[in-house]
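Colleague: Hi, do you have a few minutes to walk me through this model? I'd like to get the fold straight before we talk details.

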Amino acid sequence: MGAAAGAAGGAAASAAIANAIKASGVLVRVEPEEFMRLLRRAENPLIVYHEGGVFATKHQYLMSYKGFAFYVKTKEPLFIPATAEVVVANSIWIPG
């Protein structure tokens with residue numbers, strides 16, 4: 001039951017961010033270093049995370065900061081501080 005609730009929470013958070021992106025039309029793709037700088041500035045950040053890939057593992061992170069949604073895709077996982085709330089998503093779809 002806990003896993004199902006976590007998956008539902010992840011889907012809800014992912015859907016909320018997706019709806020926010022559709023409404024505002026603003027999604028900023030950044031390099032891992034810039035994502036980490038923004039993450040350090042954010043108070044109680046919420047990160048949507050997905051690990052996937054067909055031929056190689058890819059890590060995707062999505063975070064809202066000051067009204068913008070920031071996205072990064074990396075080959076290696078990022079160090080996410082314990083103060084961040086992380087939602088593991090089944091997938092993250094980014095337009096383009």
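Colleague: What pattern does the protein chain follow along the sequence?

Modeller: Reading along the sequence, you get α-β-α-β-β-β-β. That comes to two helices and five strands in the protein chain. Keep in mind that this is a predicted model.

Colleague: Noted. How much of the protein chain is buried?

Modeller: Of its 96 residues, 34% count as buried. The accessible surface of the protein chain is about 6,300 Å², and carbon and sulfur atoms make up 58% of that.

Colleague: And what share of the contacts comes from residues 24 or more positions apart?

Modeller: They account for 56% of the contacts in the protein chain, counting those with a separation of 6 or more.

Colleague: Let's go to the strands. Is β3 largely enclosed or open?

Modeller: Strand β3, residues 58-65, has six buried residues out of eight, so it is largely enclosed by the rest of the structure.

Colleague: How does β3 pair with β2?

Modeller: They are antiparallel, with six bridges between β3 and β2, which spans residues 46-52. As an example, Ile 47 stands opposite Met 63 of β3. The two strands form a hairpin with five residues between them, and Gly 53 in that turn has a positive phi of about 130°.

Colleague: What about β3 and β4?

Modeller: Antiparallel as well: β3 and β4, residues 68-74, pair over seven bridges. Here Gln 60 has Lys 73 in β4 as its bridge partner. The hairpin of β3 and β4 has two residues between the strands, and Lys 66 takes a positive phi near 50° there.

Colleague: Stay with Gln 60 for a second. Is Gln 60 buried or exposed?

Modeller: Gln 60, which is in strand β3, has a relative accessible area of 12%; that is under the 20% cut-off, so Gln 60 counts as buried.

Colleague: A glutamine in there, then. Which side chain does Gln 60 make a polar contact with?

Modeller: The side chain of Tyr 71, at 2.6 Å. Beyond its neighbours within four places in sequence, Gln 60 is in contact with residues including Val 48, His 50, Val 72 and Ile 92.

Colleague: Where is Ile 92 found?

Modeller: In the segment after β5, which covers 85-88. Ile 92 is buried too, with a relative accessible area of 11%. Apart from residues up to four places away in sequence, Ile 92 touches Val 48, Tyr 49, His 50, Gln 60 and Tyr 71. The C-alpha atoms of Ile 92 and Gly 52 are 9.6 Å from each other, with 40 residues of separation along the chain.

Colleague: Good. Now the core: which residues have the most contacts inside the largest nonpolar core?

Modeller: Phe 35, Ile 47, Tyr 61 and Met 63, in a core of 15 residues. The elements that give two or more residues to this core are α2 (32-41), β2, β3 and β4. The largest share, four residues, comes from α2.

Colleague: What does Phe 35 touch?

Modeller: Leaving out residues up to four places away in sequence, Phe 35 touches Val 30, Ile 47, Tyr 61, Leu 62, Met 63, Phe 70, Val 72 and Leu 78. There is also a second, separate core of seven residues, with Val 48, Ala 69, Ala 89 and Ile 92 among them.

Colleague: So Ile 92 turns up again. Back to the helix: which residues of α2 are buried?

Modeller: The buried ones are Phe 35, Met 36, Leu 38 and Leu 39. They cover an arc of only 160° around the axis, which puts them on the same side of α2. Among the elements covering those buried residues are β2, β3 and β4.

Colleague: And which residues are exposed on the other side of α2?

Modeller: Arg 40 and Arg 41 are exposed there.

Colleague: One last topic, the loop between α2 and β2. Is Glu 43 buried or exposed?

Modeller: Glu 43, located in that loop, is at 72% relative accessibility and counts as exposed. Its C-alpha atom is 8.4 Å from that of Thr 83, and the two residues are 40 residues apart along the chain.

Colleague: Thanks, that's just what I was after!

How values were computed: Residues are numbered from 1 along each chain as its sequence is written. This is a predicted model: local features need pLDDT of at least 70, side-chain atom pairs count only at pLDDT 80 or more; totals for chains, interfaces and linings use all residues. Side-chain values use heavy atoms; hydrogens and water are left out. Buried means under 20% relative accessible area, exposed over 50%, partly exposed in between (1.4 Å probe, protein chains only). Two strands pair if DSSP finds at least two bridges between them. A polar contact is a pair of N or O atoms within 3.5 Å; within protein, one must be able to donate a hydrogen and the other to accept it, and residues adjacent in sequence count only if both atoms are side-chain atoms. Contact means heavy atoms within 4.5 Å. A nonpolar core is a set of buried Ala, Val, Leu, Ile, Met, Phe, Trp, Tyr and Cys residues joined through side-chain atoms within 4.5 Å. The arc is that of the directions from the helix axis to the C-beta atoms. Accessible areas come from the Shrake-Rupley method with a 1.4 Å probe; for residues, only the protein chains shown count as cover.
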